[in-house]
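Me: I would like to work through this structure with you, question by question, with the reasoning set out before each result.

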Amino acid sequence: MKELLITIAKNLVEHPDKLEVIEEQSGGMTTLKLKVAPEDMGKVIGKQGRIARSIRTVIKAAAIHENIRVNVEIVQ
């Protein structure tokens, strides 16, 4: 899941070198924290959160395929 999130995010941001994904496991749930440069936050979130919602949908669909639970957080 981490690699998929990195691939998606790299195609959205202007500073892919500042991109970071932190993976945390707790109680059967995997949390992926996506960190981007402050100037790229708008591109990752999108208008009214549409792009962020789409990213979460794609990641959750891939997670269902692998039979795991994933949550995506976008942090600065």
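Reply: Accessible areas here come from the Shrake-Rupley method with a 1.4 Å probe. On that basis the chain exposes about 4900 Å², of which carbon and sulfur atoms supply 51%. The model is a predicted one.

Me: In what pattern do the helices and strands follow one another along the sequence?
Reply: The chain holds 3 helices and 3 strands. Helix 1 covers 2–10, strand 2 covers 29–35, helix 2 covers 41–45, helix 3 covers 50–65 and strand 3 covers 69–75, while strand 1 covers 20–26. Read along the sequence, the pattern is therefore α-β-β-α-α-β.

Me: What radius of gyration does the chain have, set against that of a compact globule?
Reply: Along the principal axes, the C-alpha atoms fill a box of roughly 35 × 20 × 20 Å. For 76 residues, a compact globule would have a radius of gyration near 11 Å, and the chain agrees with this, having 12 Å.

Me: What share of the contacts with a separation of 6 or more joins residues 24 or more positions apart?
Reply: Buried residues make up 33% of the 76 residues in the chain. Among contacts with a separation of 6 or more, the share from residues 24 or more positions apart is 53%.

Me: Which element gives the most residues to the largest nonpolar core?
Reply: This core has 19 residues, and Leu-5, Leu-34 and Ile-59 touch the most other members. At least two residues each come from helix 1, strand 2, helix 2, helix 3 and strand 3. The element that gives the most, with 5 residues, is helix 3.

Me: Which residues does Leu-34 touch, leaving out those up to four places away in sequence?
Reply: Leu-34 is one of the three residues that touch the most other members of the core. Beyond the excluded positions, Leu-34 touches Leu-5, Ala-9, Leu-19, Glu-20, Val-21, Val-44, Glu-73, Ile-74 and Val-75.

Me: Is Leu-32 buried or exposed?
Reply: Leu-32 is found in strand 2, and its contacts beyond four places in sequence include Met-1, Leu-5, Ile-22, Ile-59 and Val-72. The C-alpha atoms of Leu-32 and Ala-9 are separated by 12 Å, with their positions 23 residues apart along the chain. Because its relative accessibility is 0%, Leu-32 counts as buried.

Me: How many salt bridges does a search of the whole structure find, and which residue pairs form them?
Reply: Lys-43 pairs with Glu-14, their closest N and O atoms being 2.2 Å apart. Glu-24 pairs with Lys-33 at 3.6 Å, and the side chains of Lys-18 and Glu-39 meet at 3.9 Å, N to O. The number found in the whole structure is 3.

Me: How many residues apart are Lys-43 and Glu-14, and where does each lie?
Reply: Lys-43 is partly exposed, with a relative accessible area of 32%, whereas Glu-14 is exposed at 56%. Lys-43 lies in helix 2 and Glu-14 in the loop between helix 1 and strand 1, so that the salt bridge links distant parts of the chain. Their separation is 29 residues.

Me: Where do Lys-18 and Glu-39 lie, and how many residues apart are they?
Reply: Lys-18 is partly exposed, with a relative accessible area of 46%, and Glu-39 also counts as partly exposed, at 46% relative accessibility. This pair, too, links distant parts of the chain, with Lys-18 in the loop between helix 1 and strand 1 and Glu-39 in the loop between strand 2 and helix 2. Their separation is 21 residues.

Me: Why does Asp-40 have no salt bridge with Lys-43?
Reply: Asp-40 is found in the loop between strand 2 and helix 2, where, leaving aside neighbours within four places, Asp-40 is in contact with Val-13, Glu-14 and His-15. Asp-40 is buried, and Lys-43 is its nearest side chain of opposite charge. A salt bridge requires the nitrogen and oxygen to be within 4 Å, so the pair does not qualify, the distance being 4.3 Å.

Me: Is Gly-49 buried or exposed?
Reply: Gly-49 lies in the loop between helix 2 and helix 3, and its C-alpha atom is separated by 22 Å from that of Ile-64, 15 residues apart along the chain. The relative accessible area of Gly-49 is 18%, and since the cut-off is under 20%, Gly-49 counts as buried.

Technical notes:
Residues are numbered from 1 along each chain as its sequence is written. This is a predicted model: local features need pLDDT of at least 70, side-chain atom pairs count only at pLDDT 80 or more; totals for chains, interfaces and linings use all residues. Side-chain values use heavy atoms; hydrogens and water are left out. A nonpolar core is a set of buried Ala, Val, Leu, Ile, Met, Phe, Trp, Tyr and Cys residues joined through side-chain atoms within 4.5 Å. Buried means under 20% relative accessible area, exposed over 50%, partly exposed in between (1.4 Å probe, protein chains only). Helices (H or I, at least four residues) and strands (E, at least two) are DSSP runs, numbered from the N terminus. Contact means heavy atoms within 4.5 Å. The radius of gyration is taken over C-alpha atoms; the globule rule is 2.2 Å times the number of residues to the power 0.38. Lys and Arg count as positive and Asp and Glu as negative; His and the chain ends are not counted.
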